[in-house]
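Reader: Hi! I've just opened this one and would love a hand finding my way around. Could you show it to me first?

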Amino acid sequence: MRTRCVLFVAAIALGLGACATIHNLPLNTPTATPLLVTPAQAAERLAGAEKAHGENTGAIIGLAFSGGGTRAAAFAYGVLDQLARTPSRDRNRHDLLDHVGIISGVSGGSITAAYYGLKGRAALADFRQEFLTQDLMADLNTRVTLINLGRALGGGINTDTRLRDWFNAHLFHDATFGALLARPRPIVLINATNIYSRTPFLFVPQSFAAACSDITKYPLAAGVAASAAVPAAFAPVIIEAFAGECHAPLPAWVAEAAKNPAASPLVQDYAKALEEIRSGKVKYIKLFDGGLIDNYGLSGLTIVRTAASTPYGPLRPEEAVNLRRLLFVIVDAGQGPTGNWSQTLQGPAGKELIGAVVSVLIEANSNASYTAFQETMRNWRDSIVRWRCGLKSAEVARLRGGRTGRWSCRDLKITVARVAFDQLDAARAARLSKVPTSFTLPAATVDDLTQAGGDVLKANLEFQRFLKEM
């Protein structure tokens, strides 16, 4: 009897879904002259920031903010706040925020990344009030009804309009990616998932150039909404490709990676996806939550490094010569296993089953991206060292800008560190791991997560070692 009831409800939902197709409209516009700046070339913006500080730094920090709704956004905010509270040992910099060169964000982490990237340290003053303690869920359709089940099967319960409009009204105020690109630092990567090619979609100039479109006019709120568009809860965000509207070639590395059998599958598939967009094979790029591919946002960083045409890219040669320590901090707000079905013969079932399967896929993809990223960083360090050791002394002196003192071509260390709930005491870790993936949390929980972000970074051994070696 119960089985017949479930089938009856499913049949009704499927019928409703057939009548309730949900879709979003593309917001991007065509152009004959797309911005052809690659992520690697975008790093040139760091040069202006370095000149503003007076010289190239010997220490750079990169950040990767994971997905996880407001839980992830608050945890990442705590890490930024701790960096602002930690004095720099570089005489030209005030605190460790001045050393942050790049941030990659996914889903909830992309909200913090984009807001900080747009406003700089001023974002720390009002992010809690403007986002973390707000009731965003009240503006979304989240009720469990047959109609909503039908809408979910028809594409998604919500279009991106409510989420995008909320982000725009509270955080971004009509800012576009042009405003974000105009900021000298940090470079910010917003990550979504291209569900047709099953690759990351990076909100960077080259992705829009492939579509003959202008990223500088695309709303920042729309990109963040795409990064956070959970399947079924939202219909996919759509970018339209305008094949034939432009004739500027894609960067040379795209064709090379697409045809190179020795290239990593991640980079090769990403390059092929760009070629399919430009060729017209893909007319509408459909985007979901970036966490489906990589909940850490490391795949985008791996692509940025691979896209570089130099041994040191995406760094500039002056940065690569002076750099001694580079620390990438992965801010992981992922939850541990939930539910008690591991203690019973039955289960998981229903919603719990779907959640368990999705968690397995996300965790597996994230672990794979973490391993690949570590290997990429090791290879990058070796590549920079070989290049530095091959320079003539006059070139070293020029790139160092007249700086004196001891210098070794091999004195370079790149470290990947992860900060997460499981690095706290057991009781605190268990409490935070139970915080739901939601866009509405109690203020006390937000403050608990923020404090945890600062505490876990401060106690991290790799972070402490980085401070000593600066």
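Reader: Thanks! What do the buried residues of H20 pack against?

Author: They pack against strand S1 (59-65), helix H4 (69-85), strand S7 (325-332) and helix H19 (443-459). Helices (H or I, at least four residues) and strands (E, at least two) are DSSP runs, numbered from the N terminus. This is a predicted model, in which local features need pLDDT of at least 70 and side-chain atom pairs count only at pLDDT 80 or more, while totals for chains, interfaces and linings use all residues. Residues are numbered from 1 along each chain as its sequence is written, and side-chain values use heavy atoms, with hydrogens and water left out.

Reader: Which residues of H20 are buried?

Author: In helix H20 (residues 461-469), Phe463, Phe466 and Leu467 are buried. Those residues sit on the same side of H20, because they cover an arc of only 100° around the axis. The arc is that of the directions from the helix axis to the C-beta atoms. Buried means under 20% relative accessible area, exposed over 50%, and partly exposed in between (1.4 Å probe, protein chains only).

Reader: And why would residues three or four places apart point the same way?

Author: An α-helix has 3.6 residues a turn, so that spacing brings residues round to point the same way.

Reader: What's on the face of H20 turned away from the buried side?

Author: That face carries the exposed residues Leu461 and Lys468. At the start of H20, a side-chain oxygen of Asn460 comes to within 3.0 Å of the backbone nitrogen of Glu462.

Reader: Let's zoom out. How many helices and strands does the protein chain have?

Author: There are 20 helices and 8 strands. The protein chain has 470 residues, and 54% of them count as buried. Among its contacts with a separation of 6 or more, 82% come from residues 24 or more positions apart. Contact means heavy atoms within 4.5 Å.

Reader: Now pockets! How much space lies in the second largest pocket?

Author: About 570 Å³. Of the 25 residues lining that pocket, the closest to its centre are Ser264, Leu266, Val267, Thr302 and Ala372. On a 1 Å grid over the protein atoms alone, a pocket is an open set of points where a 1.4 Å probe fits, with protein on both sides within 12 Å along at least five of seven lines; lining residues have an atom within 4 Å of a point. Grid points are joined across faces, edges and corners, and the volume is the space filled by probe spheres set on the points.

Reader: Which element gives the most to that lining?

Author: H16 does, with 9 residues. Elements giving two or more residues are strand S4 (199-202), helix H13 (265-279), helix H14 (298-307) and helix H16 (350-389). The lining divides into 10 nonpolar, 10 polar and 5 charged residues. Here Ala, Val, Leu, Ile, Met, Phe, Trp, Tyr, Cys and Pro count as nonpolar, Asp, Glu, Lys and Arg as charged, and the others, Gly among them, as polar.

Reader: Is Ser299, in H14, buried or exposed?

Author: Ser299 counts as buried, at 7% relative accessibility. Leaving aside neighbours within four places in sequence, Ser299 is in contact with Pro200, Leu266, Ile293, Asp294 and Ser369.

Reader: New topic: where is Ser107 found?

Author: Ser107 is in the loop between strand S2 (100-106) and helix H5 (108-119), and is buried with a relative accessible area of 5%. A polar contact of 3.0 Å joins the side chains of Ser107 and Asp289. A polar contact is a pair of N or O atoms within 3.5 Å; within protein, one must be able to donate a hydrogen and the other to accept it, and residues adjacent in sequence count only if both atoms are side-chain atoms.

Reader: What is phi of Ser107 near?

Author: It is near 50°, a positive value in a residue other than glycine. Most residues other than glycine have a negative phi, and most peptide bonds are trans. Phi of His173 is also near 50°, and His173 counts as exposed, at 52% relative accessibility.

Reader: Which peptide bonds are cis?

Author: One is from Arg185 to Pro186, with omega near 0°. Another runs from Gly313 to Pro314, with omega near 10°. Pro186 sits in the loop between helix H9 (177-182) and strand S3 (187-194), and Pro314 in the loop between H14 and helix H15 (317-322).
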